[in-house]
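Subject: A structure for you to look through

Dear colleague,

I am passing on the structure below, and I would be glad if you kept it open while you read the notes that follow.

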Amino acid sequence: MKILVLLGILAVLLTLLEGALRLGYGFGNPPLYVADDHIGYMLAPNQRLKRFGNLIAINEYGMRADTISPLPSENTLRLFLLGDSLANGNWWTDQNDILSVQVAQHVRPALPAPYEYIEPINASANSWGPRNELAYLQRYGTFGAQVLVLLLNTDDLFGTQPTPIQVGRDRSYPNQKPMLAMTEILARFQKQPPVPGLKAVQSEGGDRVGKNLAAINSIQKHASATGSLFILVLSPLKRELPGPRDYELTARQRLQDWARDTNVVYIDLLSTYRNYLPDPEQLYRDHIHLSPAGNHLLAQKVAVAINTHINRSYLQ
């Protein structure tokens with residue numbers, strides 16, 4: 001009898017714990033990914049969930065954005081942010097605070113006629129690089145966006161070819177919900193087994209920077225062909241603040257030369273971050289992702305570029 005009582009108490013406690021983990025933190029309900037042979041992977045369409053109190057909403061196109069029409073209305077300026085987890089905001093950023101929304105908030109007061117509204121859309125996923133982003137554009141297009149912002153971090157210049165092999169195999173890219181919130185917690189304490197074939201992809205040889213510059217060039221041409229104002233933004237890694245490494249300096253120079261020769265709007269935020277007071281490190285939450293202060297600063301700089309380079313005749 002005592003054993004049954006103890007088992008009953010244990011079952012109640014485990015049920016309460018499961019509920020607390022789900023309702024309080026969103027465990028057991030991670031954002032899901034879908035594999036794609038061309039894009040590599042993307043967030044699964046039509047998701048709406050909360051993680052650590054932050055809303056994550058994914059629309060029908062796998063964007064971290066609200067449901068959209070294929071084209072914006074005549075009086076709406078559509079702002080398309082394309083990037084990786086820096087643009088996406090991941091679980092630590094609420095839907096209302098992601099970069100695309102912040103940029104739109106800064107642009108809104110200076111909207112040129114005839115635009116009355118601004119609509120931010122955001123195609124992004126963890127560890128996407130220029131080749132993933134180009135593949136997404138080739139699949140879905142620009143959705144009639146009048147402004148396309150490509151947000152990179154320095155590591156993106158060395159990104160490898162798109163691959164779907166980690167989806168459903170790497171716990172960072174789940175394709176189905178765990179049975180329990182507690183099983184998701186336990187998995188975090190287990191060593192991640194190697195994903196077969198991933199090491200070979202990550203060891204891609206040749207001129208990776210050149211391949212990614214070619215993808216960036218194709219993204220720019222895609223934007224230009226559809227009449228979008230193209231803005232390229234480079235956010236440095238935290239360890240670059242004292243000075244990038246030699247191979248990073250070389251890659252950065254190649255990107256800068258391409259931007260100059262192509263005559264695109266290019267924002268390198270290295271000096272901006274370095275001069276941030278009182279402490280540039282306050283702009284980061286880790287070695288690459290930005291804190292709320294960092295997101296705010298980046299959004300301001302991008303909004304200034306949009307307001308500076310946008311003009312009525314170009315956009316109409």
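Helices, which are runs of H or I in DSSP with at least four residues, and strands, which are E runs of at least two, are numbered here from the N terminus, and on that basis asparagine 90 belongs to the loop between helix H2 (85-88) and H3. Please bear in mind throughout that this is a predicted model.

I begin with asparagine 90, since its backbone deserves a careful look. Most residues other than glycine have a negative phi, and most peptide bonds are trans. Asparagine 90, however, has a positive phi, near 55 degrees, and because the limit for a buried residue is under 20% relative accessible area, asparagine 90, at 16%, counts as buried. Asparagine 46 also has a positive phi without being a glycine, with a value near 60 degrees, and is placed in the loop between S2 and strand S3 (47-51). Is asparagine 46 buried or exposed? Its relative accessible area is 59%, and asparagine 46 is therefore exposed, the cut-off for that class being over 50%. A glycine can be added to these, for glycine 141, just after H4, takes a positive phi of about 80 degrees.

Two peptide bonds should be noted as well. The bond leading from alanine 113 to proline 114 is cis, with omega near 10 degrees, and proline 114 sits in the loop between H3 and S6. The bond from leucine 277 to proline 278 is likewise cis, its omega also being near 10 degrees, and proline 278 is part of the loop between helix H9 (270-274) and H10.

Next come the helices that pack against one another. Two packed helices are described by the angle between their axes and the distance between the axes. For helix H4 (residues 130-140) and helix H7 (residues 208-225), the axes come within 8 Å and cross at roughly 30 degrees. Because angles under 35 degrees count as roughly parallel, H4 is roughly parallel to H7, and the crossing in which H4 passes H7 is left-handed. On the H4 side the contact is made by Pro130, Arg131, Glu133, Leu134, Leu137 and Gln138, while H7 brings Lys211, Asn212, Ala215, Ile216, Ser218, Ile219 and His222. Sorted by class, the residues of this contact between H4 and H7 are six nonpolar, four polar and three charged.

How many of the 11 residues of H4 are buried? Eight of them are, and H4 is mostly covered; the buried ones are Pro130, Arg131, Asn132, Glu133, Leu134, Ala135, Tyr136 and Leu137. The elements that cover these buried residues include H7 and four strands, namely strand S2 (40-43), strand S5 (76-83), strand S6 (117-124) and strand S7 (147-153).

The other pair is helix H3 (residues 99-107) with helix H10 (residues 292-309), whose axes come within 8 Å and cross at roughly 50 degrees. That angle makes H3 oblique to H10, and the crossing of H3 and H10 is right-handed. The residues in contact are Leu99, Gln102, Val103, His106 and Val107 from H3, together with Asn295, His296, Leu298, Ala299, Gln300, Val302, Ala303, Ile306 and Asn307 from H10. By class, the contact of H3 with H10 holds eight nonpolar and six polar residues, and no charged ones.

As for the interior, the largest nonpolar core has 44 residues, and those with the most contacts inside it are Met63, Phe80, Trp128, Tyr136, Ile216 and Phe230. H7 gives the most to this core, with six residues. Another core, of 35 residues, lies apart from it and includes Leu151, Leu298, Ala303 and Ala305.

Lastly, proline 31 and alanine 35 are worth finding. Proline 31, in the loop between helix H1 (2-25) and S1, is buried, with a relative accessible area of 19%. Beyond its neighbours within four places in sequence, proline 31 is in contact with Leu43, Gln47, Leu49, Arg51, Ile56 and Pro174. Alanine 35 is in strand S1 (residues 33-36), and its C-alpha atom is separated by 8.4 Å from that of asparagine 175, although their positions lie 140 residues apart along the chain.

With best wishes

How values were computed: Residues numbered from 1 in each chain as written. Predicted model: local features only at pLDDT ≥ 70, side-chain atom pairs only at ≥ 80, totals over all residues. Heavy atoms only, no water. Axes fitted to C-alpha atoms, helices over the stretch in contact; angles between N-to-C directions. Parallel < 35°, antiparallel > 145°, perpendicular 65-115°, else oblique. Left-handed = near helix turned anticlockwise from the far one by under 90°. Contact = heavy atoms within 4.5 Å. Nonpolar A, V, L, I, M, F, W, Y, C, P; charged D, E, K, R; others polar. Core = buried A, V, L, I, M, F, W, Y, C linked by side-chain atoms within 4.5 Å. Buried < 20%, exposed > 50% of the residue type's maximum accessible area, 1.4 Å probe, protein only.
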